[in-house]
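The following exercises practise the reading of a protein model. Please study the sequence and the structure before attempting each task.

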Amino acid sequence: MEMINIALPKGRLGEAVYARFKAAGYPCPAIEEENRKLIFENPAAGVRYFWVKPSDVAIYVERGAADIGVAGRDILLEYAPDVYELADLGLGKCRMCVAAKKDFRDDLDRTLRVATKFPHIAARYYSARSRQIDIIKLNGSIEIAPILGLSDVIVDIVETGKTLLENDLEPRETIVPISARLIANKVSYKFKHEQISRLCEKTAPAETIR
């Protein structure tokens, strides 16, 4: 049996995804052992898993190093990789939001300063509203940008909102809901269509399969 190469995002989401795949009949005992390995395979189940940084999953899939993978919708919207989006796994649910200090009031006469890890998502959102913005690309600690006066608002992923609250910020607008998506390499989907479709049907809620 030809194996399906699966890119899993490191961290809690990847562990939840693996548990879903395992329950669907695609186990790989070695992945559950205490070790520092990054690649695991189970020829009997026809799968080879490997751990990668969440933001890199789509690159591995797009370039064909992985046949399928699991990436957050935020990554797909931000980088627009040339892959097939097969299903919403319903895991890792959160939302992309605009957040600001509680006392912030937007002055439409001046350019809005937006700090974010997701410049393309932010640019499209404000462009659709004809709002002129200055994007400040950051890689971490987005929440402190408005506090230190670096930005007026932030565009970031919000799960519970606790971090915002602890930093005297609040979500103002929801841009888009986010969840984990099963994606496939376009060539792999053609040549391993039966295997990939079967895995998709077993692991994703039926109503979310595209």
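**Exercise 1.** Determine what covers the buried residues of helix 8 in this predicted model.

*Solution.* Begin with the cover: the buried residues of helix 8 are covered by elements that include strand 1 (4–9), strand 4 (68–72), strand 5 (84–88) and strand 11 (180–184). Helix 1 (12–23) and helix 7 (186–191) are also among the covering elements. Next, identify the residues concerned. Helix 8 comprises residues 193–203, and its buried residues are Gln195, Ile196, Ser197, Leu199, Cys200 and Thr203. As a general aid to reading such a list, residues three or four places apart in an α-helix point the same way, because the helix has 3.6 residues a turn.

**Exercise 2.** Decide whether Ile147 is buried, partly exposed or exposed, and state which surface patch contains Ile147.

*Solution.* First, locate the residue: Ile147 belongs to helix 5, which covers residues 144–147. Secondly, compare its accessibility with the cut-offs: buried means under 20% and exposed means over 50%. Ile147 has 39% relative accessibility and therefore counts as partly exposed. Finally, consider the patch: Ile147 joins Ile144 and Leu148 in a nonpolar surface patch, whose accessible area is about 290 Å² together.

**Exercise 3.** Describe the protein as a whole by its secondary structure, burial and charge.

*Solution.* Start with the secondary structure, which consists of eight helices and 11 strands. Then turn to burial: of the 210 residues, 46% are buried. Lastly, examine charge: there are 31 positive and 30 negative side chains, and the centres of these two sets are 1 Å apart.

Key. Residues are numbered from 1 along each chain as its sequence is written. This is a predicted model: local features need pLDDT of at least 70, side-chain atom pairs count only at pLDDT 80 or more; totals for chains, interfaces and linings use all residues. Side-chain values use heavy atoms; hydrogens and water are left out. Helices (H or I, at least four residues) and strands (E, at least two) are DSSP runs, numbered from the N terminus. Buried means under 20% relative accessible area, exposed over 50%, partly exposed in between (1.4 Å probe, protein chains only). Lys and Arg count as positive and Asp and Glu as negative; His and the chain ends are not counted. The place of a charge is taken as NZ of Lys, CZ of Arg, CG of Asp or CD of Glu. Patches are made of residues with over 30% relative accessible area and no salt bridge: like charges are joined within 9 Å, nonpolar side chains (Val, Leu, Ile, Met, Phe, Trp, Tyr) within 5 Å. Accessible areas come from the Shrake-Rupley method with a 1.4 Å probe; for residues, only the protein chains shown count as cover. A salt bridge is a side-chain nitrogen of Lys or Arg within 4 Å of a carboxyl oxygen of Asp or Glu. Contact means heavy atoms within 4.5 Å.
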